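Work through the exercises below with the sequence and the 3D view open. Try each task before reading its solution.

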Amino acid sequence: MSLPTGLSINSTVDSDIHSTSLNVIIIGAGIGGLAAALFLRRQGHKVLILEQSRFASETGAALHLTPNSNGLLRRLGLYAEELRANLMEGMAEYDSKGNLIQRTELSVQNELWQHPWLLVHRVHLHEELKRLAISADGKGIPVELRLRSRVTQVDPSASTVVMESGEVVRGDVVIGADGVHSKARAGVPGGDVKPKSSGKRAFRFLIPRETVLENSKTVQFAKKEGELVMWFDKDRRVIMYPCDSNRQLNFVCICPSIKDEEKNTGDEWSSAASKDELLEVYAKFDESLQTLLNMADAESLKVWELLDMDILPTWVNDRLGLLGDAAHPFLPHQGQGAGCAIEDAAALGVVLQSGVTPDEIPERLQLYETIRYQRANRIQEYSRIAGADLGEKKLNMMEFAAYNFGHDEWDNATNIFRRWSWARKPHLYWRMPVSFGPMPGPRQTFEGRPRKADHSTFTTTSIKFKTSRTLLQNLFPSTSFRFKSPGTVAYASFSQTTLHNMEWLGGSGYKHMGLYIHGVQYVQESGEVLNGTFLPVLFENLADPIVSGREELGMPKLLCSLDVWRREKSVRIQAGWQGAIFGNLVLKGLQEVDAGVDKASVGGEDDEGIFAYKYIPSVGERGKADVEHATFVPHAEESKVVPSKVLRVYKAQDASVSFDPLDWEALPTLHHIISRLAEIPFCELVSAKVVEGLGVSDVSSARRID
Ligand SMILES: Cc1cc2nc3c(=O)[nH]c(=O)nc-3n(C[C@H](O)[C@H](O)[C@H](O)COP(=O)(O)OP(=O)(O)OC[C@H]3O[C@@H](n4cnc5c(N)ncnc54)[C@H](O)[C@@H]3O)c2cc1C
Ligand SMILES: *[C@@H]1O[C@H](CO)[C@@H](O)[C@H](O)[C@H]1NC(C)=O
Ligand SMILES: *[C@@H]1O[C@H](CO)[C@@H](O)[C@H](O)[C@H]1NC(C)=O
């Protein structure tokens with residue numbers, strides 16, 4: 001067994017999380033296979049294409065690059081205008097007698113689509129895709145293209161393919177892009193289904209536009225640049241459109257198949273055809289059309305059986321995925337066969353985006369199928385409808401344009417892929433704005449991983465004092481809160497913390513300051529009593545922790561400026577809003593004491609945790625809440641998340657707290673809060689200290705009560 005360069009036999013075993021490059025085997029270098037190779041190359045993968053033919057030059061045929069597929073090619077840097085593709089500008093319909101039924105200008109229609117609807121010569125497109133795939137220039141590793149390499153068998157689990165020569169090639173993933181007569185198809189469940197004749201065949205050829213213009217009988221059909229012309233009879237039609245900068249006219253003459261089983265099941269979709277046969281098929285059509293068909297070059301005339309196939313139950317199996325005609329052979333009546341193959345390729349590029357590991361391939365391929373299955377089958381169904389023999393119903397060429405054209409598979413698949421990745425992590429926090437996915441914050445990275453915080457530092461300055469129970473209890477937002485002690489003496493603290501080295505803030509930090517009311521109980525509906533410290537308000541000087549804390553933890557956070565001046569023996573803290581200073585905390589005579597003696601908990605002492613009260617107002621309904629409940633952060637659980645270590649403790653000889661409510665002019669949004677803080681009596685200093693330490697918990701043990 002020999003291995004082509006770049007493919008390792010045990011790549012799935014050897015894979016480590018740092019290697020983001022997959023070994024991809026693509027069977028077939030058609031438009032679908034080459035487009036997939038390009039999309040996957042750009043994701044950093046090593047791509048090997050095995051192509052049976054030696055690319056004997058394809059004779060004439062053109063194809064529609066509709067806005068949906070053209071946009072995808074442009075993402076690959078392929079601008080078909082540079083390949084002499086021309087615009088599709090209008091349509092003319094004739095009956096078999098040569099009567100003009102209608103003529104449609106597409107200039108207004110075309111304005112709807114971000115990317116132009118182009119008509120391109122197949123060979124030009126194919127050549128350019130090939131060039132871009134194997135080119136040394138461009139993003140990613142150049143694709144390796146092996147010609148005369150016919151694949152006979154695929155093993156979806158081992159991701160190996162067997163070549164006609166007996167050689168076995170292994171990759172991490174195998175993509176079957178081997179067209180309507182796919183060998184890879186046998187590798188998916190239900191893949192033994194065979195393409196069958198649709199009852200129609202198509203003659204294909206090109207005529208120089210010049211020739212048509214020179215003849216007085218046919219000149220009328222080729223005058224307009226970018227015009228697609230159709231002639232209809234009940235069971236046969238002729239479709240002609242320009243390509244190659246309007247220099248050549250491409251013909252697709254669709255008519256009943258001859259009842260020859262061999263032709264229907266043949267392995268080639270193109271075979272030489274006789275011109276006499278063509279002329280005979282359209283013998284009843286008007287003379288000018290016959291003159292036109294007579295211009296066909298007998299040498300290059302091809303006939304193509306229009307094959308259809310039952311819908312495959314699945315396009316993927318383990319490490320094998322099908323795309324393009326291998327997955328869903330297309331009838332040409334919507335001009336979407338190549339387009340859908342390109343869309344498949346784009347979706348593959350999205351699901352196998354860089355960073356994917358070999359063990360993720362089966363689930364990613366499943367997702368690829370989920371993204372593509374419905375749309376491809378639906379367009380195929382539309383093609384059947386568009387190709388059906390005409391009865392009473394008039395054909396409307398633009399009937400399905402909105403569905404077909406109004407889609408960008410890169411954007412669509414990217415969105416589906418994102419939602420899929422998010423849904424697989426059910427513990428992700430979502431917060432406004434939700435348009436962009438889960439919100440990174442203190443408790444998660446964008447990927448949902450917890451943040452490291454054991455190296456973050458805190459400095460907490462707190463002043464605990466004796467005060468009035470009867471006044472403080474007025475700050476309880478519900479009757480479930482009460483003081484533990486019946487006495488009128490209560491204890492509270494103002495506590496200010498400065499945080500540094502916070503991973504979730506890119507290594508920076510912020511400050512907060514709150515009022516903590518000690519000795520509070522919450523009586524739950526169950527009757528169980530929780531003991532804790534109630535936090536009626538918490539000021540912070542940065543928006544990010546305010547938003548995440550309000551929404552994820554239900555904490556009553558508000559923005560203010562917090563300035564801290566720390567000297568050897570003193571600390572002064574000043575709180576303000578837009579220059580209006582409303583709060584001052586001062587600690588004097590600081591002396592370092594033994595750190596082991598004092599606990600770091602935020603004024604908590606014997607309390608078991610911190611209570612807050614979450615309230616989210618309803619939109620458009622004043623006085624109503626969408627959410628309203630108490631929350632609790634148990635200290636014991638919190639210290640398990642990130643244990644914090646007290647490094648130094650300084651006790652103050654003296655401390656003072658003062659609040660100045662100013663007025664509504666100076667504090668238009670905070671005056672009602674600061675005036676209540678200013679009312680709190682400072683009866684007696686209990687303790688004042690500065691605690692420095694390491695390890696900042698993310699408060700992820702916060703929970704809802706009742
Ligand atoms: C006359 C005609 C007109 C068309 N017009 C349009 C149009 O206007 N718009 C449009 O979007 N589509 C059109 N199509 C359809 C479109 O060409 C196909 O749907 C599309 O190209 C499918 O691409 P694919 O890569 O899946 O398959 P293919 O183009 O069939 O490519 C398959 C490749 O795999 C190779 N291969 C096959 N078996 C093996 C094997 N065992 N081992 C190795 N290699 C193998 C083949 O040699 C080939 O190169 C038209 C098709 C025809 C014939
Ligand atoms: C993706 O496209 C399909 C049509 O194929 C559509 O039904 C679906 O809503 C789109 N999904 C997203 C997430 O945009
Ligand atoms: C709270 O304190 C009261 C009284 O001290 C006690 O009975 C109760 O068990 C405590 N609650 C909890 C959950 O520990």
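**Exercise 1. Describe the polar contacts and the surroundings of ligand 1.**

Step 1. Start with Arg122: an N or O atom in its side chain is 2.4 Å from an oxygen atom of ligand 1. A polar contact here is a pair of N or O atoms within 3.5 Å; within protein, one must be able to donate a hydrogen and the other to accept it, and residues adjacent in sequence count only if both atoms are side-chain atoms. The model is predicted, so local features need pLDDT of at least 70 and side-chain atom pairs count only at pLDDT 80 or more, while totals for chains, interfaces and linings use all residues; side-chain values use heavy atoms, without hydrogens and water. Residues are numbered from 1 along each chain as its sequence is written, chains are lettered from A, and ligands are numbered from 1 in the order in which they are written.

Step 2. Add the backbone. A backbone N or O atom of Gly32 lies 2.8 Å from an oxygen atom of ligand 1, and a polar backbone atom of Gly337 is 3.0 Å from an oxygen atom of ligand 1.

Step 3. Look at the cover. On its own, ligand 1 exposes 990 Å², and the protein buries 93% of that. Such accessible areas come from the Shrake-Rupley method with a 1.4 Å probe; for residues, only the protein chains shown count as cover.

Step 4. List the shell. There are 33 residues around ligand 1, and Gly32, Glu51, Arg122, Asp325 and Ala338 come nearest. A residue belongs to the shell if one of its heavy atoms lies within 4 Å of the molecule. By class, the shell has 13 nonpolar, 13 polar and seven charged residues. Ala, Val, Leu, Ile, Met, Phe, Trp, Tyr, Cys and Pro count as nonpolar, Asp, Glu, Lys and Arg as charged, and the others, Gly among them, as polar.

Step 5. Find the element that contributes most. Helix 11 does, with four residues. Helices (H or I, at least four residues) and strands (E, at least two) are DSSP runs, numbered from the N terminus.

**Exercise 2. Decide whether Gly324 and Asp344 are buried or exposed, and find what they touch.**

Step 1. Place the residues. Gly324 lies in the loop between strand 20 (320-322) and helix 11, and Asp344 is in helix 11.

Step 2. Apply the cut-offs: buried means under 20% relative accessible area, exposed over 50%, and partly exposed in between (1.4 Å probe, protein chains only). Gly324 has a relative accessible area of 3%, so Gly324 is buried. Asp344 is at 0%, so Asp344 is buried.

Step 3. Read the contacts, meaning heavy atoms within 4.5 Å. Not counting residues up to four places away in sequence, Gly324 touches Ala341 and Asp344. With the equivalent exclusion of residues up to four places away, Asp344 touches Trp315, Leu323, Gly324, His328, Tyr368 and Arg372.

Step 4. Check a distance. Gly324 and Ile342 are 18 residues apart along the chain, and their C-alpha atoms are separated by 7.5 Å.

**Exercise 3. Which residues of helix 3 are buried, and what follows the helix?**

Step 1. The buried residues are Pro67, Asn68, Ser69, Asn70, Gly71, Leu72, Leu73 and Arg74.

Step 2. Eight of the nine residues of helix 3 (residues 67-75) are buried, so the helix is largely enclosed by the rest of the structure.

Step 3. Helix 3 is followed by Gly77, whose phi is positive, near 85 degrees.

**Exercise 4. Describe ligand 2 and ligand 3 in turn.**

Step 1. Around ligand 2 are Arg375, His407, Asn412, Asn415 and Ile416. An N or O atom in the side chain of Asn412 is 2.3 Å from an oxygen atom of ligand 2. Alone, ligand 2 exposes 370 Å², of which the protein buries 56%. Helix 14 (residues 409-423) gives the largest share of this shell, three residues.

Step 2. Around ligand 3 are Lys484, Gln521, Glu528, Val529, Asn531 and Glu608. A polar side-chain atom of Asn531 lies 2.4 Å from an oxygen atom of ligand 3, and a backbone N or O atom of Val529 lies 2.9 Å from a nitrogen atom of ligand 3. The protein covers 46% of the 360 Å² of accessible area that ligand 3 has on its own.
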